[in-house]
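Colleague: Hi! I have a new model open and could use a quick tour. Can we walk through it together?

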Amino acid sequence: MSERPRIVVSRWIPEEAVKLLREAGEVWVSEADRALTPEELRDAVSGAAAVVSMLHDRVDGALADAAGPCLRVVANVAVGYDNVDVPALAERGVAVTNTPGVLTEATADLAFGLLLAATRRLGEGERLLRARRPWSFHLGFLLGTGLQGKTLGIVGLGQIGQAVARRARAFGMEIVYSGRSRAAAAVESALAAERLPLRELLRTADVVSLHCPLTPDTRHLIDAEALAAMKPGAFLVNTTRGPVVDESALADALRAGTIAGAALDVFEREPEVEPRLLDLDNVALSPHLGSATVETRTEMALLAARNVAAVLSGADPITPVLPT
Ligand code: DGY
């Protein structure tokens, strides 16, 4: 009988997905309550036919070489795959997969929740109460910014961007967007969305929400100059990847009042957060919770497991990532 393929999972995943993986091979799941170090990950993948990776794992040619010639698939449990060197893996004949679709609505919910937290100053209000500071209702107390009739600028009108735009429409917002390519006419008309060059979007939008993937082109897309182009009363929301925003420039802009506020679920050097942001009241923060619902995280892990099972059985991956 031939040996069962070794499947390495770099961090805890829901049991349903482990069960599915066990049908496809011998499963090893890291028990560490943290991301494995690059050295630990290299040791762990030795002899693996499949690796289920997390967005904090660096997956490159060296890691594939550490796994050895049996490696056939890396299933990244995230829609983003900026942590994976896809061309290097393709060169070695290793398939790469991600988890598109299943996290769209959860991430859009979180993006909109953060947008509301920033524009309605929910964090400030909660901090005030928890500090047991005296307060009383009055007409000028903790005033925020309304959304009705305002313009939301979506940078990257993909699935998540569209889901955020749908929510914004329900709040009475107008939609403008920028992106590499024009959205389908049906999408533009359903959202009444107008495509603008990025600079014009930044000048126009009352809230800018980032939904583009992290690539060499989008690293620090929102830098000091971009922030200076935004309206003084505008808000920035980032739920995609931290390095799309120059965090230090953002802290400067928030402190100087160049923009009114920001809401961040992702950070440039996760899990570190720029310390100056932690001291500012006009930024709402959450620790990369975009897809963090029981339902969504289970679906993400199951999709990764199904991708592994497909490739190990000789079938095509379900949601492959192709080298560009
Ligand atoms: C992703 O899937 O890329 C998200 O950042 C994880 O929630």
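Modeller: Happy to! Keep in mind that this is a predicted model. A good place to start is an open sheet of seven strands, paired in the parallel sense, with the order β8-β7-β6-β9-β10-β11-β12.

Colleague: Which are the edge strands there?

Modeller: They are β8 (193-195) and β12 (283-285), and each of them pairs on one side only.

Colleague: And by how many degrees are neighbouring strands turned against each other on average?

Modeller: The average is 20 degrees, ignoring direction.

Colleague: What does β8 do with β7?

Modeller: The two pair in the parallel sense over three bridges. If you want a spot to click on, Ile 175 stands opposite Ala 193 in β8.

Colleague: Nice. Which strands does α5 touch?

Modeller: Helix α5 packs on this sheet and touches β6 (151-155), β9 (207-210), β10 (235-238), β11 (261-264) and β12. The direction of α5 makes about 150 degrees with that of β11.

Colleague: Which strands does α11 lie across?

Modeller: Helix α11, residues 247-256, lies across β10, β11 and β12. It runs at about 145 degrees to β11.

Colleague: OK, new topic. How many aromatic pairs does a search of the whole structure find?

Modeller: Two. One I can describe is Phe 112 with Phe 171: the ring centres are 4.7 Å apart and the planes are at 45 degrees, so this pair is tilted.

Colleague: Where do those two sit in the chain?

Modeller: In distant parts of it, 59 residues apart. Phe 112 belongs to helix α5 (residues 104-119), while Phe 171 is in the loop between α7 (159-170) and β7 (174-178).

Colleague: Let's move to the N-terminal strands. What kind of sheet do β1 and β2 belong to?

Modeller: An open sheet of five strands with parallel pairing, in the order β2-β1-β3-β4-β5. Its edge strands are β2 and β5 (95-97), each pairing on one side only. From one strand to the next, the twist averages 15 degrees.

Colleague: How many bridges hold β1 and β2 in register?

Modeller: Four bridges, in the parallel sense, between β1 (residues 6-9) and β2 (residues 26-29). Val 8 has Trp 28 in β2 as its bridge partner, and for Val 9 the partner in β2 is Val 29.

Colleague: What about α1, what unit is it part of?

Modeller: Helix α1, residues 15-24, joins β1 and β2 in a right-handed β-α-β unit.

Colleague: And how do the axes of α1 and α13 cross?

Modeller: At roughly 5 degrees, coming within 8 Å; α13 covers residues 294-312. Angles under 35 degrees count as roughly parallel, so α1 and α13 are roughly parallel to each other.

Colleague: Which residues meet there?

Modeller: From α1, Glu 16, Ala 17, Leu 20, Leu 21 and Ala 24. Among those they meet in α13 are Thr 298, Ala 301, Leu 302, Arg 306 and Leu 312. By class, that contact has ten nonpolar, one polar and two charged residues.

Colleague: Last thing, backbone oddities. Which peptide bond is cis?

Modeller: The one from Glu 270 to Pro 271, with omega near 5 degrees. Pro 271 lies in the loop between β11 and α12 (275-278).

Colleague: And what is phi of His 220?

Modeller: Near 55 degrees, a positive value in a residue other than glycine. His 220 is in the loop between β9 and α10 (224-229).

Colleague: Great, thanks for the tour!

Notes. Residues numbered from 1 in each chain as written. Predicted model: local features only at pLDDT ≥ 70, side-chain atom pairs only at ≥ 80, totals over all residues. Heavy atoms only, no water. Pairing = 2+ DSSP bridges. Right-handed = clockwise from strand over helix to strand, strands pointing away. Axes fitted to C-alpha atoms, helices over the stretch in contact; angles between N-to-C directions. Parallel < 35°, antiparallel > 145°, perpendicular 65-115°, else oblique. Contact = heavy atoms within 4.5 Å. Nonpolar A, V, L, I, M, F, W, Y, C, P; charged D, E, K, R; others polar. Phe/Tyr/Trp six-rings, centres within 6.5 Å; stacked < 30°, edge-to-face > 60°.
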